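Could you open your viewer and keep the selection box handy? We will go from stop to stop, choosing what to select next and saying what is there.

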Amino acid sequence: MVRACDSARVNANPMKTPDFLDRYFSISARGSSVGQEVRGGFATFFTMAYIVVLNPLIIGTVADKTGQFLGDGKNPSIALVAAATAFVAGILTIVMGVFGRVPFALATGLGLNAFLAFGIASQMSWEDAMGLVVLEGIVIAILVVTGFRVAVFHAIPAQLKTAISVGIGLFIALIGFVDAGFVRRMPDASGTTVPVKLGALGNGSLTGWPTLVFVVGLLVTAFLVARRVKGAILLGIVGTTVLAVIVEAIGKIGPQTPDGSNPNGWSLNVPTWPKNFIELPDLSLLGQFSLFGSFAKIGGLAAVMFVFTLMLADFFDTMGTIVGVGRQANLVQEDGTVERTKEILLVDSLAAAAGGAAGVSSNTTYIESAAGVGEGARTGLASIVTGVLFLLAMFFAPLTEIVPFEAATPALVVVGFLMMTQVKEIDFSDFETAIPAFLTIVLMPFTYSITAGIGAGFVSYIAIKAFRGKARDLHPLMWLVGALFVVYFALEPIKSLLGLS
């Protein structure tokens, strides 16, 4: 609620808020000021700027089926992906501020980028994978325009939506532990059936300075998050990277080698200062997508299922974020809707397509926008400030080249924890829902597949309801989705039966 004294103070000084800004963004009407909006924009940026580092480490370090990395290179190009990540986040956040007129910022979605890297790009080229993201964004935009998005939102049980987020959180945390070398995959010739073990040597012991850097970084980042320090994740990445640079300067540890002769070396990057801290951003990644190439590579049904899975994850995270942050900013109306909902959802949907078209994965509205709201942001002016800061961050992309996995992955583990905290919303006393939710959560990390987790959750939920005589309780869209997942899981037997394999 706007306090009368706040409103009077703003209106008493017309020079503080120019008339055209005040009218367009409703700054005074929402009890804010230009100063509050600027502070809020800075707070949101520093809270979510970590994505400029994390996104390249997730999608920029994974080769596609052809063995190529993003940008059609034989080696990862972290700065290339970082520059494009910052550029798309900046442009879309500014669009949200101008068109949506709310203090919501957008950037590449965590979880969505992991699914794209580990679940989709492994089966096709990066260009084809990004084409699926563009299609997903277009489909969601159509659903927004037609009003169908709300119908789908209500069709999926709320606890299954929650389970998807929790499962992705565990999956991201596992990626963080593995990439840091804290947990190592066991080779086939190791003489054990255990797939992973603790430590670089897989003997249950933690060895090597890089592992120590990871542990220190994890503890420090966890402490900052526990203390509710603003920008905790970004501060954790920066601080751990500085520690890694110092350790490398003293110990001359060097990188891990392909032949395994230096198992205690750094992974991804050796933390040494780059020649240039600032340079003109390379945006050549933009436009590297193939809209329908995936259909020829993996078949129409599999491509459609991938689009659906991307849409599902993007779909519900956004709805929850908008309502949660909107309520904090006093933008939720009496009927439970948020002001300018259609405009907000349309920008968010187009952001998904824009992220794919720019080669950086689907962009979505960030819950970290709440940091800016906490600093007083109430309008789209704050989003414009955040967007401009993202555009400036493009010029510092070379700094991402000094960040090893051991310095960045503590953030992945902590982000996994934050996503997992939603598990409390699942009623585990209701087995009809709890069992499908459990399967959704555990199968994502256990199978290294987000699709498998979502599919198992949907199919088991429908089956349990049907076996208990509650088939009529299921929305028709749930039956459609369940049937698609059954076909997806049984695709190879079906091909064999039809003589197509």
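Here is a tour that starts with the whole chain and then visits some helices and a cavity.

**Before you select anything**

This is a predicted model, in which local features need pLDDT of at least 70 and side-chain atom pairs count only at pLDDT 80 or more, while totals for chains, interfaces and linings use all residues. Residues are numbered from 1 along each chain as its sequence is written, and side-chain values use heavy atoms, with hydrogens and water left out.

**Stop 1: the whole protein**

Show everything as a cartoon. You will find 21 helices and 4 strands; these are DSSP runs (helices H or I, at least four residues; strands E, at least two), numbered from the N terminus. Of the 501 residues, 54% count as buried, where buried means under 20% relative accessible area, exposed over 50%, and partly exposed in between (1.4 Å probe, protein chains only). Among contacts (heavy atoms within 4.5 Å) between residues at least 6 apart in sequence, 77% join residues at least 24 apart.

**Stop 2: helix α10**

Select residues 209-226. This is α10, with 18 residues, reaching 26 Å from its first C-alpha to its last, close to the 26 Å expected at 1.5 Å a residue; the expected span is 1.5 Å times one less than the number of residues.

Which residues of α10 are buried? Colour Pro210, Thr211, Val213, Phe214, Gly217, Leu218, Thr221, Leu224 and Val225 to see them. They cover an arc of only 150° around the axis, so they sit on the same side of α10; the arc is that of the directions from the helix axis to the C-beta atoms. Turn to the other side of α10 and you meet Trp209, Leu219 and Ala226, which are exposed.

Now add α9 (158-179), α11 (232-251) and α17 (405-420): the buried residues of α10 pack against these helices. Just after α10, Arg228 takes a positive phi of about 60°.

**Stop 3: Thr409**

Stay with α17, the helix that holds Thr409. Is Thr409 buried or exposed? Thr409 is buried, with a relative accessible area of 1%. Leaving out residues up to four places away in sequence, Thr409 touches Gly176, Asp179, Ala180 and Phe214. Phe214 should look familiar, being one of the buried residues of α10.

**Stop 4: helices α5 and α19**

Select residues 78-100 for α5, which has 23 residues and reaches 31 Å from its first C-alpha to its last, close to the 33 Å expected. Because 17 of its 23 residues are buried, α5 is largely enclosed by the rest of the structure. Just after α5, look for Arg101, with a positive phi of about 60°.

Next, select residues 450-467. Helix α19 is mostly covered, with 13 of its 18 residues buried. Gly469, just after α19, takes a positive phi of about 75°.

**Stop 5: the cavity**

Rolling a probe the size of a water molecule over the atoms shows where empty space is left. A search of the whole structure finds 1 cavity of 30 Å³ or more. Here a cavity is a set of points, on a 1 Å grid over the protein atoms alone, where a 1.4 Å probe fits but cannot get out, and lining residues have an atom within 4 Å of a point.

Select Gly40, Thr44, Pro103, Ala105, Gly372, Ala377, Ala382, Ser383 and Thr386 to show the lining of the largest cavity. Both α3 (34-48) and α16 (380-393) supply at least two lining residues each, and α16 gives the most, with 3 residues.

Definitions and conventions. 1 Å grid on protein atoms, 1.4 Å probe; cavity = no way out; pocket = protein on both sides within 12 Å on 5 of 7 lines; lining within 4 Å. Points joined across faces, edges and corners; volume = space filled by probe spheres on them.
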